[in-house]
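Hi there,

Here is the structure I promised to pass on to you. Have a look at it first, and then read my notes below.

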Amino acid sequence: MAPGPWTLFLMTFLCCGTHAHCLASSYVAAVYEHHVILNPEPRVLLSRREALQHMRQNVQVYEQQAASAAHQGAQIVVFPEDGLQGFNFTRSSITPYLEEVPDPQQESWNPCEHPERHPDTEVQRWLSCMARRHGLYVVANMGSVQPCSSSHSSPGSSSSAPCPADGRWHFNTNVAFRSDGLLVARYHKQNLYFEDAFDSPPRAELVTFHTPFAGTFGLITCFDILFRQPTVALLEKGVRQLIFPTAWMNQLPLLDTIQFQRALSLGANVTLLAANIRSDELIMSGSGIYSPSSAVYHHAQRGDPEEGRLIVASLSALEPLHDPLPTGPVPQGEQGDTSAGSCPSEGCSAPHTFTSSMMHDPFRFVLLRGAGGQLSVCDGSFCCWLQYQSTHTNHTELYALGAFAGLHTVNGRYSLQVCALVKCAGTEEHSCGQEVVQADTKMDFVLEGTFSTRHVYPSVLSSHYTLEQPTRLHTTPWGSVTMEHSSMSGGLVTAALYGRMYHLDPH
């Protein structure tokens with residue numbers, strides 16, 4: 001059968017060193033994983049002068065990294081979420097850190113050239129002059145404020161969301177500056193993650209900006225990556241290059257930073273420039289530059305120095321899709337057979353299944369027995385199938401195939417269909433689904449599921465936070481997704497098909 005429009009053959013994966021330039025291409029990008037200089041008492045209210053002195057220390061680090069990026073030929077540099085001020089502020093104590101950021105769609109403003117036009121915008125002036133001084137685009141994350149009133153929820157907004165009682169919107173904000181210092185984009189994070197100091201914007205925003213060297217980029221922030229708005233909404237508009245400042249806490253076995261960054265790039269066929277925070281205490285590390293055919297990334301290992309890391313890579317610009325691929329749920333009439341216990345091929349075993357918690361969700365699991373075979377597991381009518389053959393076996397290691405279909409409800413509410421092959425943390429069933437970092441067993445495998453969504457994100461993570469490229473991915477219009485992989489470079493930690501059922505998410 002000829003490949004349909006959803007068939008992807010991903011032939012080449014370049015897993016480069018941190019500073020490598022992987023592809024002969026049209027532009028060079030940089031992301032910086034930042035070890036933030038923190039306010040030791042973030043819940044104590046400072047003066048504006050004290051807050052600026054604090055942020056200035058982090059800006060000076062940014063300045064050094066921007067200079068290094070420019071020296072290596074970078075045309076754009078991305079800094080992480082919360083990188084200027086840190087975390088754990090109250091709504092009151094964040095106030096001296098905030099600045100009003102004008103809408104670039106309404107006003108053309110270069111803070112480096114005309115700082116007097118908007119008072120109390122020192123951070124924007126520093127970032128603007130940084131871009132101008134080094135001749136590259138600068139994307140950073142900062143706190144911003146917008147006055148509001150009960151009669152006007154937000155400037156230019158028709159939303160009925162009430163103005164906060166203190167008369168101010170506090171936003172977690174990405175800002176982008178052109179290489180001459182012009183402010184070209186402002187994006188307010190929509191999906192907050194336990195951020196008491198900030199408000200969600202009263203209306204959804206889809207923010208992009210254009211560059212002469214790579215075309216259009218879209219802006220998202222951290223937790224946004226898991227939701228339809230704004231991430232999938234940008235894809236539906238044909239945007240294929242995303243910028244992703246984040247302060248992401250690693251969550252194995254399915255949502256480690258680099259694991260999901262790579263999965264989104266592969267599953268959505270996009271470029272992702274991802275800059276994370278570096279913090280041992282908060283389990284934060286993992287940044288990278290990803291395209292559909294390459295990944296240049298860094299992930300700190302246990303015991304590594306707690307320090308920043310600049311990543312620079314060359315990659316090809318991806319043009320916007322003028323006729324984007326279909327999104328949303330797979331129509332009922334198009335879905336393949338997902339009946340419980342079914343398998344795509346002969347000889348599939350149906351051994352003992354059990355339930356164990358993975359990522360706080362009740363996965364149905366079946367254990368892998370022997371050096372090879374075929375097996376399936378179902379959660380209700382959603383089924384996953386595996387064919388595998390071990391190529392290097394550590395007989396003390398236990399593996400399981402898991403399936404989950406339902407609403408995730410811990411630290412966020414969103415709907416999933418997931419097939420996952422995981423190394424168990426121990427030799428007992430209840431250890432399957434727990435966090436694992438190291439593995440010795442290697443295997444060739446085919447993992448398959450039939451999903452009710454077109455949004456399925458594939459990943460293969462091997463020992464010590466190493467990404468592997470699936471040998472082949474095949475997705476059909478009726479929701480069947482197949483991931484094949486062979487010749488592993490390290491022991492298998494997780495292989496997953498992570499399906500997001502956006503259409504079933506709670507409002």
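Tyr498 touches a long list of residues, among them Leu226, Leu254, Phe260, Tyr414, Leu416, Val418 and Tyr457, when residues up to four places away in sequence are not counted; contact here means heavy atoms within 4.5 Å. Tyr498 also belongs to the largest nonpolar core, which has 78 residues, and Tyr498, Leu226, Leu254 and Phe445 are the ones that touch the most other members. The largest share of this core, 7 residues, is supplied by strand S20 (residues 414-423). A second, separate core has 38 residues, including Leu84, Phe89, Leu98 and Met130. A nonpolar core is a set of buried Ala, Val, Leu, Ile, Met, Phe, Trp, Tyr and Cys residues joined through side-chain atoms within 4.5 Å. Buried means under 20% relative accessible area, exposed over 50%, and partly exposed in between, with a 1.4 Å probe and protein chains only. In soluble globular proteins, nonpolar side chains tend to be buried together.

Before you go further, please note that this is a predicted model, in which local features need pLDDT of at least 70 and side-chain atom pairs count only at pLDDT 80 or more, while totals for chains, interfaces and linings use all residues. Residues are numbered from 1 along each chain as its sequence is written, and side-chain values use heavy atoms, with hydrogens and water left out.

Next, the helices. Helices (H or I, at least four residues) and strands (E, at least two) are DSSP runs, numbered from the N terminus. Why does the length of helix H1 agree with what is expected? Its 24 residues (48-71) should span 34 Å at 1.5 Å a residue, and the end C-alpha atoms are 34 Å apart, so the two agree; the expected span is 1.5 Å times one less than the number of residues. Among the buried residues of H1 are Leu52, Met55, Val59 and Tyr62. The buried residues of H1 pack against strands S3, S4, S5 and S14 and helix H2. After H1 comes Gly73, with a positive phi near 95°. Helix H3 (residues 228-236) is likewise followed by a glycine, Gly238, whose phi is positive, near 95°.

Now to the sheets. One open sheet has 7 strands in the order S15-S16-S19-S20-S26-S22-S23, with antiparallel pairing; two strands pair if DSSP finds at least two bridges between them. Strands S15 (353-358) and S23 (466-467) are its edges, each pairing on one side only. Helix H4 (residues 257-268) packs on this sheet, touching S22, S23 and S26, and its direction makes about 135° with that of S22. Such angles run from 0 to 180 degrees between N-to-C directions, with axes as lines fitted to C-alpha atoms, for helices over the stretch in contact.

Elsewhere, strands S17 (residues 372-379) and S18 (residues 382-392) pair in the antiparallel sense over 8 bridges. They form a hairpin with 2 residues between them, and Gly380 in the turn has a positive phi of about 65°. Leu375 has Leu386 in S18 as its bridge partner.

One last residue: is Thr482 buried or exposed? Thr482 is buried, because its relative accessible area is 8%. It lies in strand S25 (residues 480-485). Its side chain makes a polar contact with the side chain of Glu448 (2.9 Å). A polar contact is a pair of N or O atoms within 3.5 Å; within protein, one must be able to donate a hydrogen and the other to accept it, and residues adjacent in sequence count only if both atoms are side-chain atoms.

Enjoy exploring!
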